[in-house]
Amino acid sequence: MLESVLEKLKAHFGFESFLPGQEEIITAVLDRKDALVLMLTGGGKSLCYQLPALCSDGLTVVVSPLIALMKDQVDNLRANGVPAAYLNSTLTATQAAKVQGLAKSGDFKILYLAPERLALPGFREFLLTLEVSLFAIDEAHCISEWGHDFRPDYRTLKSLRRDFPNVPLIALTATATDQVQSDIIAQLGLNEPGVFLSGLNRSNLTYNVRPKKRAFGALLDLLESHKNESAIIYCFSRKDTESLAEDLTGCGMQALPYHAGLSRETRRANQENFIHDRVPIIVATIAFGMGIDKPDIRLVVHYDLPKSLEGYYQETGRAGRDGLPSECVLFYSFGDKIKHDFFIDQIEQSEERENEQLKLSQMVEYCELTTCRRQRLLAYFGESPWETDCGGCDICLTPREQYDATEIAQKILSAVIRTGERFGGQHVAQVLRGAATKRVIQYGHQELTVFGIARESTDEELKQITNSLVSQDLLSKSEGSYPTLSLTLLGKDFLKNRLTLMLDRPKSVGEKAATFDAEVLAPNLELLEMLRGLRRNIAEQRGVPAYVIFGDASMLQMASYLPQSNESFSRISGVGRVKLEELSGPFLEVIREFAEANGLQETSITVRRTRNGRTRDSANSTLNQTKELVGLKLSIDEIARRRVLASSTIGSQIERLVQTGEALDLEHLMPPPERMEKIKSAFLRTEDTRLAPVKELLGDNYSYDEIRMAHIGLQQKGIIRRDSEGSGR
Ligand code: ADP
Ligand code: ZN
């Protein structure tokens with residue numbers, strides 16, 4: 001790549017290097033070749049035409065259907081010192097005429113156009129008077145009827161190739177099947193285009209599925225851990241968006257609803273308040289999000305089950321466009337599936353109905369996975385399987401352990417047989433747990449020998465294991481809304497020949513923070529808040545969203561490195577020439593003052609080749625909440641209930657607190673003295689910090705939970721060694 005291009009990259013955009021794919025694409029465009037670019041959201045498509053625009057004589061014309069975004073893009077470019085403008089229906093005739101006049105006299109490097117402009121009388125003639133160096137067609141899939149967002153206006157773009165045979169065309173999109181890709185090439189008349197495909201994996205997103213139980217409390221916790229950050233919560237119905245927004249507001253959160261049934265003004269105002277960071281949370285139906293380009297959405301929650309994996313991928317895709325770690329959480333209950341079934345059953349056309357059913361069942365399967373969610377999501381879009389541990393989904397982030405599942409598998413399989421292979425997992429689980437439900441009595445299943453043989457298991461455990469038995473091909477599950485279970489040949493063989501079965505399950509070690517490849521920064525949170533305040537003030541003065549001033553990546557670097565001279569400020573990612581001139585003053589002032597007041601030095605900025613990660617502070621606040629509840633002398637179960645966390649998680653949190661030297665009174669959580677003595681001597685005898693050998697020594701009369709609490713108490717008293725890595729379990 002030419003030195004001068006790299007210089008422009010830093011001077012105008014403040015970036016030191018390219019993101020994957022950008023360099024190849026920009027090289028092709030600068031060679032005046034046509035290009036088709038498929039790059040996922042947040043991949044950095046805009047730069048692929050914006051940088052060439054600055055390196056060429058003449059004007060780059062960008063066609064985009066997203067009128068709402070044009071102003072944003074143009075604001076962004078201007079903030080970086082790039083002369084740019086747009087022409088769309090939000091301008092008056094006089095304003096448009098003025099822009100056209102300035103464009104003719106060569107005042108702009110980049111001009112954004114709404115596609116319907118091209119159909120206006122006289123517009124073609126106007127275009128022909130311009131010295132166009134490049135056409136960029138954004139959201140290029142809109143030209144294809146095969147795509148999911150066909151726009152008839154896009155068909156007028158066909159004339160560009162005819163009218164400008166020698167001007168290169170670059171078409172960009174985030175989603176296009178093979179069919180749509182060929183269609184784009186044909187419709188636009190691209191000439192032997194370079195085709196650039198990037199994978200679909202959004203490595204900065206974590207995917208979590210949680211049971212939809214006490215979901216509101218869990219949602220509050222989530223929002224708390226993303227305080228002051230932008231979040232979207234998707235609901236199924238319009239009514240739900242309003243009531244949930246109200247409930248959140250009632251709990252002191254700032255949240256606004258958004259759905260197609262609200263008045264135009266309300267929708268516009270709510271969206272605007274969200275984009276400008278005046279309100280952090282939007283509770284919406286899936287009507288929200290198209291044409292939203294906010295780069296710093298840190299949390300996307302699906303409060304209800306989505307209808308398809310496509311939709312889910314697209315909606316979660318709105319998180320973390322700036323490449324910083326962001327979280328996607330889906331609350332799942334089988335009840336939601338039944339709700340969808342009800343609507344699907346009303347579809348008259350059978351082909352469509354079956355298609356929707358299939359999509360829904362794939363969605364349900366995703367929620368019930370016991371293997372990597374990212375892998376499943378990518379496989380759905382035909383991408384080759386991911387490695388086994390993505391490090392960014394709830395399955396991969398929960399350490400798993402192997403255990404001998406032979407006995408419980410035998411019990412489940414026997415129960416399936418005894419109940420006649422005509423029931424679903426839930427009924428079988430109820431029989432196993434000895435729950436005399438109406439249905440169980442109705443079929444007389446309380447009389448079976450298998451009734452109540454797995455009382456110690458929970459519904460959830462039985463469900464997980466049953467799912468594993470299905471995926472291990474010992475059980476098969478029928479299709480349809482109410483799937484029933486039956487034994488496969490393998491399952492029969494397993495029972496008959498008394499085979500053994502090892503399965504894996506989540507190892508309960510509490511929450512584990514996600515790790516990312518990106519550079520890990522340790523921002524000073526207090527300073528970060530101050531800088532954010534400054535950013536907001538400047539943004540409000542200029543009437544642009546805060547991210548136009550500086551993106552979160554830049555803010556995090558500032559709060560981590562504390563640059564105090566123009567020189568070091570210029571090395572922050574996102575600081576180009578113009579921003580250095582216009583913004584370094586106020587930002588440096590805040591940083592200097594803060595550094596002085598706190599006796600802090602600037603640290604040198606070294607690695608800047610990757611985008612930046614951020615450290616998470618939520619771990620601390622969640623520990624503190626647990627600490628407070630322990631102080632109230634509540635039982636573990638009660639704390640778990642209030643925190644909406646597993647009791648094992650609470651256990652690990654207490655352990656962590658003790659290990660960090662917190663003075664907690666844990667007496668009320670300890671086993672009675674005589675049992676405590678037994679456990680203590682077992683620990684001293686095994687000379688091991690792990691629980692398993694002690695459990696083995698003590699036998700079934702002692703539970704893991706009890707041993708674990710005792711272990712924590714013994715560590716606290718210094719009787720046994722504190723294992724700062726966390727004890728093995
Ligand atoms: P897309 O249109 O593909 O969704 P954008 O063009 O909006 O992506 O870019 C996504 C984010 O990546 C933006 O915040 C942008 O500033 C940032 N970005 C783009 N190119 C680079 C680069 N070379 N280095 C660092 N950040 C970049
Ligand atoms: Zn995973």
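Here's a walk through four parts of this structure: a zinc site, a ligand site, a serine in a loop and a helix. Keep in mind as you go that the model is predicted.

Let's start with the metal. The zinc ion (ligand 2) is held by four sulfur atoms, the SG atoms of Cys372, Cys390, Cys393 and Cys396, at 2.3 Å. The angles among those four donor atoms run from 102 to 118°, and the site comes out as tetrahedral. If you look for the donors in the sequence, you'll find them spaced C-x17-C-x2-C-x2-C. Cys372 sits in the loop between α14 (350–367) and α15 (373–380), while Cys396 belongs to helix α16 (residues 394–397), so this pair ties together parts that are 24 residues apart in sequence. As for solvent, Cys372 and Cys396 are both buried.

Now over to ligand 1. It has 14 residues around it, and Ser17, Gly42, Lys45, Ser46 and Arg321 come nearest. Some of the polar contacts can be traced to a run of neighbours in the sequence. Gly43 brings a backbone N or O atom to 3.4 Å from an oxygen atom of the ligand, and Gly44 does likewise with a backbone N or O atom at 3.2 Å from a ligand oxygen. With Lys45 the side chain takes part: one of its N or O atoms is 2.8 Å from an oxygen of ligand 1.

Next, move along the chain to Ser56, which lies in the loop between α3 (47–55) and β2 (59–63). Is Ser56 buried or exposed? Neither label fits, because its relative accessibility is 22%, and buried means under 20% while exposed means over 50%. Ser56 therefore counts as partly exposed. Its side chain reaches back to the backbone oxygen of Pro52, at 2.7 Å. Leaving aside residues up to four places away in sequence, Ser56 touches Leu30, Lys109 and Ser133. For a longer-range landmark, take Val578: it is 522 residues away from Ser56 along the chain, yet their C-alpha atoms are separated by 20 Å.

Last stop, helix α32, which covers residues 704–716. Its 13 residues reach 18 Å from first C-alpha to last, close to the 18 Å expected at 1.5 Å a residue. The helix is mostly covered, with ten of its 13 residues buried. Among the buried ones are Ile707, Met709, Ile712 and Leu714, but the list also includes Glu706, Arg708, His711 and Gln715. Just past the end of α32, Gly718 takes a positive phi of about 75°.

Notes: Residues numbered from 1 in each chain as written. Chains lettered and ligands numbered in written order. Predicted model: local features only at pLDDT ≥ 70, side-chain atom pairs only at ≥ 80, totals over all residues. Heavy atoms only, no water. Donors = N, O, S within 2.8 Å, 3.2 Å for Na, K, Ca; no water. Tetrahedral: all angles 85-135°; square planar, octahedral: opposite > 155°, others 65-115°. Helix = DSSP H or I, 4+ residues; strand = E, 2+ residues; numbered from the N terminus. Buried < 20%, exposed > 50% of the residue type's maximum accessible area, 1.4 Å probe, protein only. Contact = heavy atoms within 4.5 Å. Polar contact = N/O pair within 3.5 Å; in protein donor to acceptor, adjacent residues only side chain to side chain. Expected span 1.5 Å × (residues − 1). Near = heavy atom within 4 Å.
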